[in-house]
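Good morning, colleagues. Thank you for the opportunity to present a structure that may be new to many of you. Please turn to the display.

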Amino acid sequence: MNDIKTHGCHAATMGVGAVARRSGLSVSSLHFYEREGLIRSTRNSANHRMYSRATLRVLAVVKAGVEAGIPLAEIRRALGPALEGQPISRAHWDRIVAGWRADLQARIERLTVIRDRLTGCIGCGCLSLDCCAAVNPGDKAADIGPGAHAFRDCGAARDRLATQAAAD
Ligand code: FES
């Protein structure tokens with residue numbers, strides 16, 4: 001059964017099933033985002049949840065943010081007036097993207113470092129690769145602190161290790 005309140009492609013409100021189908025999100029995800037205060041519903045006469053059509057755009061922003069690794073609290077903050085049912089304008093979307101750009105760039109750079117360094121010694125302390133003896137002799141990386149140091153500060157950790165190794 002079609003759970004869009006009015007017929008046609010410009011129906012004002014949609015039931016949870018219609019929103020799930022159109023957004024590509026599960027009904028349980030919609031309920032979760034509603035509990036998290038990211039979307040709102042009203043109740044119809046049958047006590048079913050009904051969502052404004054603008055909810056689809058909010059959900060698209062939420063989905064994009066989640067897929068980009070943006071915390072829900074930041075997504076909620078960025079949505080601002082849209083949480084009250086105000087449609088997301090092009091200008092609002094531009095502000096959201098501008099606010100996330102630096103965070104996204106930092107994530108891209110970090111993921112690139114992880115991708116590029118995963119096959120070499122990462123200074124994790126395992127000493128299991130042939131190159132560990134040269135890059136992290138005797139686990140000198142442990143002196144820097146916990147963790148896999150080549151994943152941080154890009155080449156800086158390797159430079160520190162090389163400096164330490166040369167000083168010994
Ligand atoms: S990869 Fe673990 S110490 Fe080299």
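I shall go through the strands, then two of the helices, and end with one residue. Please bear in mind throughout that this is a predicted model.

Let me begin with the strands. Strand S1, residues 13-15, pairs with S3 in the antiparallel sense, over three bridges. Within that pairing, Thr13 stands opposite Ser52 of S3. Strand S2, covering residues 42-43, also runs antiparallel to S3, and two bridges join them. Here Thr42 has Met50 in S3 as its bridge partner. S2 and S3 together form a hairpin, with five residues between them. In the turn of that hairpin, Asn47 has a positive phi of about 65 degrees.

I now turn to helix H3. This helix spans residues 55-67, 13 residues in total. From its first C-alpha to its last it reaches 18 Å, close to the 18 Å expected at 1.5 Å a residue. Which residues of H3 are buried? They are Thr55, Val58, Leu59, Val61, Val62 and Gly65. Viewed down the axis of H3, these buried residues fall within an arc of 160 degrees, and therefore line one face of the helix. The general background is that an α-helix has 3.6 residues a turn, so residues three or four places apart point the same way. What covers the buried residues of H3? The cover includes helix H1 (16-23), helix H2 (27-35), strand S3 (49-52), helix H4 (72-79) and H5. Just after H3, Gly69 takes a positive phi of about 85 degrees.

That brings us to helix H5 itself. H5 comprises residues 90-117, which is 28 residues. Its reach from first C-alpha to last is 39 Å, close to the 40 Å expected at 1.5 Å a residue. Where does H5 bend? The bend is at Arg101, and amounts to about 40 degrees. H5 is also hardly covered: among its 28 residues, the count of buried residues is one.

Finally, consider Arg107, which has its place in H5. Why does Arg107 count as partly exposed? Arg107 has 14 C-beta neighbours inside 10 Å, and a residue is buried only with 20 or more, exposed with 12 or fewer, so this count lies in between. Arg107 also lies 8.6 Å from Ala68, C-alpha to C-alpha, although the two are 39 residues apart in sequence.

That concludes my presentation; thank you for your attention.

How values were computed. Residues numbered from 1 in each chain as written. Predicted model: local features only at pLDDT ≥ 70, side-chain atom pairs only at ≥ 80, totals over all residues. Helix = DSSP H or I, 4+ residues; strand = E, 2+ residues; numbered from the N terminus. Expected span 1.5 Å × (residues − 1). Bend = angle between axes of the 7 residues up to and from the residue. Arc of directions from axis to C-beta. Contact = placed C-beta atoms within 7 Å. Pairing = 2+ DSSP bridges.
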